[in-house]
Amino acid sequence: MPENDILKIEHLRYVYNPGMPDEVAALDDVSFTVREGEFIGVIGATGSGKSTLIAHFNGLNKPTSGRVLVDGRDMWAPGADLRSFRFLVGLVMQYPEYQLFEETCAADIAYGPRNMGLPETEVQERVKEAAAFAGLDESLLKRSPFELSGGQKRRVAIAGVMAMRPRVLVLDEPAAGLDPEGRDTILSQIRDYHRKTGTTVVLVSHSMEDIAKYADRVLVLDKAKVAMFDTVPAVFARAPELLALGLSVPQITQIFLKLKEMGLTIDTDVYTVPYAVKTIQKALAAKRAAGAAGEGGGADAP
Ligand SMILES: Nc1ncnc2c1ncn2[C@@H]1O[C@H](COP(=O)(O)OP(=O)(O)OP(=O)(O)O)[C@@H](O)[C@H]1O
Ligand SMILES: [Mg+2]
């Protein structure tokens, strides 16, 4: 993994409707850094500022104060070319299928790369590549996006951003509204894309299960501020705090919290089933060892 910081957010503050009675600070002193090639999950309760934050990454939102640096360059520095940042950071908004408008899926996917002024042969090559990454069959490309299912439309929209070959792909709830199978497919496609291309991915999700499964590090937002930013195991080890922030933790983590509550000596930083198995084995081994020691002198007594 390259060592450069692809995204650096410094003391970012963003206020909606400044000076009005309904003024609201949606982001307050937010700072963090993403290294190139990372897969970052962003979670937080409704209204915590997730969508407001990611809209800063490609310049859709302009900071009220603070800085947004992409690949070391301040996006809002005097004389900076905002357009170049829009190509560096690809943003897939919530329900992106509502933004499809071309006559064919191929034309919709081609829209971004064409806008970049690329030669037509390269545009076509990128359309094919992006369609494959998004799991779209080539036979669908000639069809109108409006003839497709909801899940397929969503893939077309995602492919349209992938076709720009951004250095950072940012997705706001890409699995929202899909059935469990549709969720898993789309998210594992994004993971494969991340693995194959090395593109940095920032994924906003309400689902702790999804974040646990796919992300390297997790940014937890709470009421416009960063509550945590750490690796998946480190964040899930703080499950009680997550619950206090109104976030759910994976079901498997909840079981372990319950076991601990019931008096078992057991680690609770468990967020996947294989790790759960290991943790139970470890706890059993520790119990056996304690039991063996206990036979000699009642080590279990308080
Ligand atoms: N266009 C807007 N005008 C005024 N306030 C807004 C606007 N968009 C968002 N807000 C407010 O900013 C705060 C953060 O909203 P944001 O949409 O970024 O949260 P979120 O974490 O994405 O929520 P959700 O999980 O529901 O998508 C909320 O208090 C919200 O009411
Ligand atoms: Mg949102």
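The shell around ligand 1 in this predicted model divides into four nonpolar, eight polar and one charged residue. Of the 13 residues in this shell, those that come nearest to the ligand are Thr 46, Gly 47, Lys 50, Ser 51 and Thr 52. The largest share of the shell, three residues, is supplied by helix α1.

Several polar contacts can be listed for the ligand. In each of the rows below, an oxygen atom of ligand 1 is one member of the pair.

| Residue | Part of the residue in contact | Distance to an oxygen atom of ligand 1 |
|---|---|---|
| Ser 48 | polar backbone atom | 3.3 Å |
| Ser 51 | N or O atom in the side chain | 2.9 Å |
| His 206 | N or O atom in the side chain | 3.3 Å |

Taken alone, ligand 1 exposes 630 Å², and 62% of that area is buried by the protein. Two elements give two or more residues to the shell, namely strand β2 (24–35) and helix α1 (50–54).

Strand β2 also belongs to a sheet. In this open sheet, four strands follow the order β2-β1-β4-β5, and their pairing is antiparallel. Why is one side of β2 and of β5 left without a neighbour in the sheet? Strands β2 and β5 (73–74) stand at the edges and each has a single partner strand, so one side of each has no neighbour there. At the β5 edge, the antiparallel strands β4 (residues 65–70) and β5 are joined by two bridges. Within this part of the sheet, Leu 69 stands opposite Asp 74, a residue of β5.

The model also contains open pockets. The largest pocket has a volume of about 610 Å³. Its lining consists of 22 residues, and those nearest the centre of the pocket are Leu 91, Gln 99, Tyr 111, Val 161 and Met 164. Four elements each give two or more residues to this lining: the helices α2 (82–88), α3 (105–115) and α5 (150–162), together with the strand β6 (89–92). By class, the lining of the largest pocket holds 14 nonpolar, six polar and two charged residues.

The second largest pocket has a volume of about 310 Å³. It is lined by 13 residues, of which Thr 265, Ile 266, Ala 283, Leu 284 and Lys 287 are the closest to its centre. The lining of this second pocket divides into seven nonpolar, three polar and three charged residues.

Enclosed space forms the last topic. How many cavities of 30 Å³ or more does a search of the whole structure find? The search finds one such cavity. About 40 Å³ of space lies within this cavity. The residues that line it are Glu 173, Pro 174, Ala 175, Ala 176, Arg 183, Leu 187, Leu 203, Val 204, Ser 205 and Asp 210. Helix α6 (180–197) and strand β8 (200–204) are the elements that give two or more residues to this lining. Divided by class, the residues lining the cavity are six nonpolar, one polar and three charged. The polar member is Ser 205, while the charged members are Glu 173, Arg 183 and Asp 210.

Methods. Residues are numbered from 1 along each chain as its sequence is written. Chains are lettered from A and ligands numbered from 1 in the order in which they are written. This is a predicted model: local features need pLDDT of at least 70, side-chain atom pairs count only at pLDDT 80 or more; totals for chains, interfaces and linings use all residues. Side-chain values use heavy atoms; hydrogens and water are left out. On a 1 Å grid over the protein atoms alone, a cavity is a set of points where a 1.4 Å probe fits but cannot get out, and a pocket is an open set with protein on both sides within 12 Å along at least five of seven lines; lining residues have an atom within 4 Å of a point. Grid points are joined across faces, edges and corners, and a volume is the space filled by probe spheres set on the points. A residue is near a molecule or strand if one of its heavy atoms lies within 4 Å of it. A polar contact is a pair of N or O atoms within 3.5 Å; within protein, one must be able to donate a hydrogen and the other to accept it, and residues adjacent in sequence count only if both atoms are side-chain atoms. Accessible areas come from the Shrake-Rupley method with a 1.4 Å probe; for residues, only the protein chains shown count as cover. Two strands pair if DSSP finds at least two bridges between them.
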